[in-house]
Amino acid sequence: QVQLVESGGGLVQPGGSLRLSCKISGIMFRIYAMGWFRQAPGKQRELVTTIASGGSTNYTDSVKGRFTISRDNAKTTVYLQMNTLKPEDTAVYYCNVLQAGYWGQGIQVTVSS
């Protein structure tokens, strides 16, 4: 049984930071590329960032220079470090096993003063 469990979300002021974690079990984590998506109210889910099995990364333009994705294969966990957060980053964030169709339950990130 594949499970993805996200943690680390919450409420933060503009300019603040949060670190999301996604613990994955039930798959051979190290061979899969991973991604973080987000969905804001009234908007479609969008891809934020990906990390390949070898560690190469990609980011959507709106988060470049502010967000960092990383992975720890020993802990079967993928992280999303989010700095200089903006109100427009408010969304439910989901981790995803790319090309395998597995999703986390989603975690709320709210950026507001």
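D61 sits out in the open in this predicted model: its relative accessibility is 60%, and since anything over 50% is called exposed, D61 counts as exposed. Its salt-bridge partner is K64, with the closest N and O atoms 3.0 Å apart. K64 comes in at 48% relative accessibility, so it counts as partly exposed.

That pair is one piece of a slightly bigger story, as the structure holds four salt bridges. Let's move on to D89 and R66. These two form a salt bridge in which the closest N and O atoms are 2.7 Å apart. What does the pair link? It ties together distant parts of the chain, with the two residues 23 residues apart. D89 lies in the loop between β8 (77-82) and β9 (91-97), while R66 lies in the loop between β6 (57-59) and β7 (67-72). Both ends of this bridge, D89 and R66, are buried.

Which residues do shared partners join into one network? Follow the salt bridges and you get R38, E46, R66 and D89.

So what about R38 and E46 themselves? Their side chains meet in a salt bridge at 2.6 Å, N to O. Is R38 buried or exposed? Buried means under 20% relative accessible area, and R38 has 5% relative accessibility, so it counts as buried. E46, on the other hand, has a relative accessible area of 31%, which makes it partly exposed. If you're looking at the network on screen, then, R38, R66 and D89 are its buried members, and E46 is a partly exposed one.

Technical notes
Residues numbered from 1 in each chain as written. Predicted model: local features only at pLDDT ≥ 70, side-chain atom pairs only at ≥ 80, totals over all residues. Heavy atoms only, no water. Buried < 20%, exposed > 50% of the residue type's maximum accessible area, 1.4 Å probe, protein only. Helix = DSSP H or I, 4+ residues; strand = E, 2+ residues; numbered from the N terminus.
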